[in-house]
Amino acid sequence: MPLTMVSASSPAKAILFGEHAVVYGLPALAVSLDRRLEMTVHPSEVWTVDGAPLESRKHRYIRWGAENLWDGGPLNISTRSSIPSASGLGSSAALCCSLISCFLEMRGAMSPEELARKAFEVEYNVQGKASPTDTSCCTHGSAVLVSPDRRDDHLWSISKEERTWHVHHVPLPPMELVVGYTRTPSVTTVMVAKVRDYYQRSGFARETIEEIGQLTMAGLEALKKGDLVEVGALMDRNQALLSILGVSTKELKKLLDAAAPHSYGVKITGAGGGGSMIALTDRPELVEQAIMRIGGTPYRVRPSNTGTTVGP
Ligand code: PMV
């Protein structure tokens, strides 16, 4: 019997290493966070989102998913989220994963691999250029390594045009993170285009991106050993390289500088140009206070083992 109502829940994410480099086929490592987007879906006379009609500009992800990945009638969609949007915390991936898992569940066809693939399709088509990092991390929970080669703990592989990304489970040591949100939106498409322009023009940019890929693999080893001091040092180095790529801003730098004295390491998370930074720390209260003092919004978070869940 077809389900008449389903609910899904998807986590936020932070990128610990490798944003931007992953667009060029290099590795990235992302971690799910304990903030979530909840969605409830049931059949309706007309498409609605949170009580308002579905709009093509406002609800771009839902619209694309509905037109391309749903074969049934109109749905009433309600969302509730503790993930700030355009903050670099993967709110669009959480929206895509919740939506697609509801579609799959209503058809009795939910599988994490299918979900990761289809949620990526939505992000890719709406954003232009995207890697499957956010959507795979959100689907799986815990942490994932997205890499050009297939390794141990392989979950699934996703291909688009000339690239294949292999997605792997990464076990994480206990850790605390503080996100510092600049309150300025980060527009992923704009920042990806900016870096692409630099990448195409400059050998130095290409070397910088290669180095980010190497740092990501070093970060993976440090995480596996539970060596947070080393993880932090590598995050700092990753941040220096992201600054060279031009994705840091004055506001982000202020938050990074405020958090650094109380942290193992600090860096932007996500596309940059606004959005958020993350601090790996064992003194989260001090980092929160430092971020608040200079006008940022802190979110104290921990990795979450729970990826997207869905059910009646
Ligand atoms: O800012 P976010 O959460 O959309 O993350 C973007 C990460 C990039 O590597 C810049 C792009 C991508 O799709 O991987």
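User: How much area is buried between domain 1 and domain 2, and what share comes from carbon and sulfur atoms?

Analyst: Buried area is what two parts lose in accessible area on being put together, summed over both. In this predicted model, domain 1 and domain 2 bury about 2,800 Å² between them, with carbon and sulfur atoms giving 71% of that. On the domain 1 side, F17, H20 and Y24 stand out: they supply 26% of the area that domain 1 buries against domain 2, more than any other three residues.

User: Where do the two domains lie along the chain, and how many residues of each are in contact?

Analyst: Domain 1 covers 6-170 and domain 2 covers 177-301. Their centres, taken over C-alpha atoms, sit 22 Å apart. For contacts, look for heavy atoms within 4.5 Å; here 29 residues of domain 1 meet 41 residues of domain 2.

User: Which residues form a salt bridge, and how many residue pairs are in polar contact between the domains?

Analyst: For a salt bridge, check whether a Lys or Arg side-chain nitrogen is within 4 Å of an Asp or Glu carboxyl oxygen. E19 and K267 pass, with their closest N and O atoms 2.8 Å apart. The rule finds one salt bridge across this interface. Polar contacts between domain 1 and domain 2 come to 10 residue pairs.

User: Which elements give two or more residues to the domain 1 side that touches domain 2?

Analyst: Those are β1 (6-17) and β2 (28-43). β2 gives the most, with six residues. By class, that side of domain 1 has 18 nonpolar, six polar and five charged residues.

Technical notes. Residues numbered from 1 in each chain as written. Predicted model: local features only at pLDDT ≥ 70, side-chain atom pairs only at ≥ 80, totals over all residues. Heavy atoms only, no water. Domains from an automatic or database assignment. Buried area = accessible area lost by both parts, 1.4 Å probe. Polar contact = N/O pair within 3.5 Å; in protein donor to acceptor, adjacent residues only side chain to side chain. Helix = DSSP H or I, 4+ residues; strand = E, 2+ residues; numbered from the N terminus. Nonpolar A, V, L, I, M, F, W, Y, C, P; charged D, E, K, R; others polar.
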